[in-house]
Amino acid sequence: RSYAVASQLIENGITVVTGLAKGIDTAAAEAVIGSNGKGRIIGVVGTPIDEHYPKENRAIQDYVAQQNLLLSQVPFYRYKTQHFKSRSRYFPERNELMAAVSDATVIVEASDTSGSLSQARACVQQGRPLFIMKSCAQNPSITWPERFIGKANVYELENIQQVLEVVGG
């Protein structure tokens, strides 16, 4: 689904913003790479800009850095000197930055403990549009969507046209 959503956004001139993580983020990035130069992407990483995480997305991160835009707000020195367990706090900050640099956020799927929820909260706090795929919003095995649906600028996404009406394209 992520690949299809990203492809439709690309076809309408929308830049994809991704955290370059495994799964959904990888699929969105692959849609940009597979768009034969039509797609644009902003990668926001939760590591220093010269680190690759996850390692298997090294080629994707390098593509983003060389052909598009790669962002990080993680300080090099502090990251290198701090205990590895404390590094995980940079990922919620990455999600907040993704919300800030995006015209809108689309959540395709997320569990009740997903890091994407920090981005959803940031969207609401920043007054940015948040789109939750209908299949996710109506998934009976998760409860987080009910905390967002009904708030200002939060939409249950049925089709890409809704995104285009809100952000243009």
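# Exercises on a predicted model

Pro-54 is found in the loop between β2 and α3. The structure treated here is a predicted model, and each exercise below is followed by a worked solution.

## Exercise 1. The peptide bond before Pro-54

Determine which form the peptide bond from Tyr-53 to Pro-54 takes.

Solution. The omega angle of the bond from Tyr-53 to Pro-54 is near -5°. This peptide bond is cis. With Pro-54 placed in the loop between β2 and α3, the location of the feature is settled.

## Exercise 2. The strands around β2

Establish how strand β2 is joined to β1 and to β3, and describe the crossovers.

Solution. Step one concerns β1, residues 16–18, which runs parallel to β2 and is joined to it by 3 bridges. Within this pairing, Thr-18 stands opposite Gly-43. Together with helix α2, the strands β1 and β2 make a right-handed β-α-β unit.

Step two concerns β3, residues 69–71, which is likewise parallel to β2 and joined to it by 3 bridges. Here Gly-43 stands opposite Leu-70. From β2 the chain passes through helix α3, residues 58–67, to reach β3, in a β-α-β crossover that is right-handed.

Step three considers the faces of β2. In a regular strand the side chains alternate between the two faces of the sheet. In β2, residues 41–44, Ile-41 and Gly-43 lie on one side and Ile-42 and Val-44 on the other. These four residues are all buried, and both faces of the strand are covered.

## Exercise 3. The surroundings of Asp-25

Decide whether Asp-25 is buried or exposed, and identify what its side chain reaches.

Solution. Asp-25 belongs to helix α2, residues 24–33. Asp-25 is buried, and the nearest side chain of opposite charge is that of Arg-94, 4.7 Å away. A salt bridge requires a distance within 4 Å, so Asp-25 has none. Its side chain instead reaches the backbone nitrogen of Gly-19 at 3.2 Å. Leaving aside residues up to four places away in sequence, Asp-25 touches Thr-18, Gly-19 and Leu-20.

## Exercise 4. Two residues with positive phi

Compare the settings of Leu-20 and Asn-153, which have a positive phi although neither is a glycine.

Solution. For Leu-20, phi is about 60°. Leu-20 is found in the loop between β1 and α2, and its relative accessibility of 1% makes it buried. For Asn-153, phi is about 65°. Asn-153 sits in the loop between α7 and β6, and with a relative accessible area of 32% it is partly exposed.

## Exercise 5. Salt bridges

State how many salt bridges the whole structure holds, and work through three of them.

Solution. The search finds 7 salt bridges. One of them links Glu-56 and Lys-22, whose closest N and O atoms are 3.2 Å apart. Glu-56 lies in the loop between β2 and α3 and Lys-22 in the loop between β1 and α2, so the pair ties together parts 34 residues apart in sequence. Both residues, Glu-56 and Lys-22, are exposed.

Another joins Lys-80 and Glu-51 at 2.5 Å, N to O. Because Lys-80 lies in helix α4 and Glu-51 in the loop between β2 and α3, this pair ties together parts 29 residues apart in sequence. Lys-80 is partly exposed, at 47% relative accessible area.

A further salt bridge is formed by Arg-89 and Glu-93, at 3.2 Å from N to O. Arg-89 is partly exposed at 36% relative accessibility, and Glu-93 is partly exposed at 26%.

How values were computed. Residues are numbered from 1 along each chain as its sequence is written. This is a predicted model: local features need pLDDT of at least 70, side-chain atom pairs count only at pLDDT 80 or more; totals for chains, interfaces and linings use all residues. Side-chain values use heavy atoms; hydrogens and water are left out. Helices (H or I, at least four residues) and strands (E, at least two) are DSSP runs, numbered from the N terminus. Buried means under 20% relative accessible area, exposed over 50%, partly exposed in between (1.4 Å probe, protein chains only). Lys and Arg count as positive and Asp and Glu as negative; His and the chain ends are not counted. A polar contact is a pair of N or O atoms within 3.5 Å; within protein, one must be able to donate a hydrogen and the other to accept it, and residues adjacent in sequence count only if both atoms are side-chain atoms. Contact means heavy atoms within 4.5 Å. Two strands pair if DSSP finds at least two bridges between them. A crossover is right-handed if, with the strands pointing away from the viewer, the path from the first strand over the helix to the second runs clockwise.
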